[in-house]
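Me: I'm new to this structure and would like to learn how its descriptions are reached. Could you take me through it?

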Amino acid sequence: MRVFVLTGAGVSAESGLGTFRDPGGIWERFDPMKLATPEAFAADPERVHDFYNMRRRDLLASRPNAAHEALAGLEAGLAARGGRLWLCTQNIDDLHERAGSAFVHHMHGELLKARCTACGAVHAWREDLALATPCPGCGRSGGMRPDVVWFGEMPVGLEAIEDAIAESDLFVAIGTSGSVWPAAGFVEIARGCGVRTAELNLEPSDNARMFDERRYGKASDVVPAFVDGIMSGSV
Ligand code: BJW
């Protein structure tokens, strides 16, 4: 069986990393237009750095939960049977990797990487960033930014994502509100290719009616149960 999984902030919620649009979520406390656009970075880079420095520190203090672990187990279980899992995450955290997932496609980039806007090099990054931080490659300062995808920027590897969806038997969206494009449109691509679709979320997403199957509850409950269903052949 070939499974495509799209994860969102809900899969990491129980690891203590906030979601964006739930009550009390990140975008209720912080203005995305002042923090998550290239224009915001150009206007006030230190403010943007402070926001991502805080989130990087939170990430480094967090741990994967049962949902991340179940998906790592699904990857290994499907591979052992000649299938595959294509795991695409909108999350910039590394909790899937830390849970043991070998293949993770970060369509919105990665918080533990920094990119130099002067030379284009991407570096593994665990420290705070500041305007004065020099690029370890070219030595220039003033251009280091978190290697994440802001509003108005192109998500990573869309062609590969669409190919992987088309080549799947099952498309599963987990812990995402379905309100950010182009990820919100992936379920439509899957349906157009005749791929079966399932949503696992705390509550119905904006796209809920597009899914063939829907399961609601905490990711740490519904994801392991759904993975068991796939591996036992009942899903
Ligand atoms: C649980 C749970 C638990 C909670 N268990 N579940 C007008 C109309 C349409 C589109 C646009 C428009 N104006 C602009 C656009 C495009 C824009 C967009 O979509 N804007 C919308 C807001 C309207 N998109 C872009 O700009 C993208 N680029 C782009 O479009 O390029 C051009 C292009 C053209 C043609 C083709 C393709 C591309 C880029 C988007 C970049 C998004 N960046 C962010 C920030 C990244 C860095 C960072 O983290 O700071 O990515 S925004 C934020 O939203 C983050 C997330 O990855 C993304 C999605 O959020 P997610 O994961 O769905 O989180 P939530 O909080 O929304 O939902 C959590 C869910 O979990 C909820 O449903 C809960 O119920 C659930 N949950 N606890 C299970 N325990």
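Reply: Gladly! A polar contact is a pair of N or O atoms within 3.5 Å; within protein, one must be able to donate a hydrogen and the other to accept it, and residues adjacent in sequence count only if both atoms are side-chain atoms. This is a predicted model, where local features need pLDDT of at least 70, side-chain atom pairs count only at pLDDT 80 or more, and totals for chains, interfaces and linings use all residues. Residues are numbered from 1 along each chain as its sequence is written, and side-chain values use heavy atoms, leaving out hydrogens and water.

Me: What makes the pair between the ligand and E14 a polar contact?

Reply: A nitrogen atom of the ligand lies 3.1 Å from an N or O atom in the E14 side chain, so the pair falls within 3.5 Å and counts. For the T176 side chain, the distance from a ligand oxygen is 2.7 Å. A polar backbone atom of A219 is 2.9 Å from a ligand nitrogen.

Me: Why is the ligand said to lie between domain 1 and domain 2?

Reply: Both domain 1 (1-17 + 64-108 + 155-235) and domain 2 (20-61 + 110-148) give residues to the shell around the ligand, so it lies between them. The bounds come from an automatic or database domain assignment.

Me: How do you know that β2 and β3 pair?

Reply: Pairing needs at least two bridges found by DSSP. Strand β2 (residues 84-89) shares two bridges with β3, in the parallel sense, so they pair. Strands here are DSSP runs (E, at least two residues), numbered from the N terminus. T89 stands opposite H106 in β3.

Notes: Helix = DSSP H or I, 4+ residues; strand = E, 2+ residues; numbered from the N terminus.
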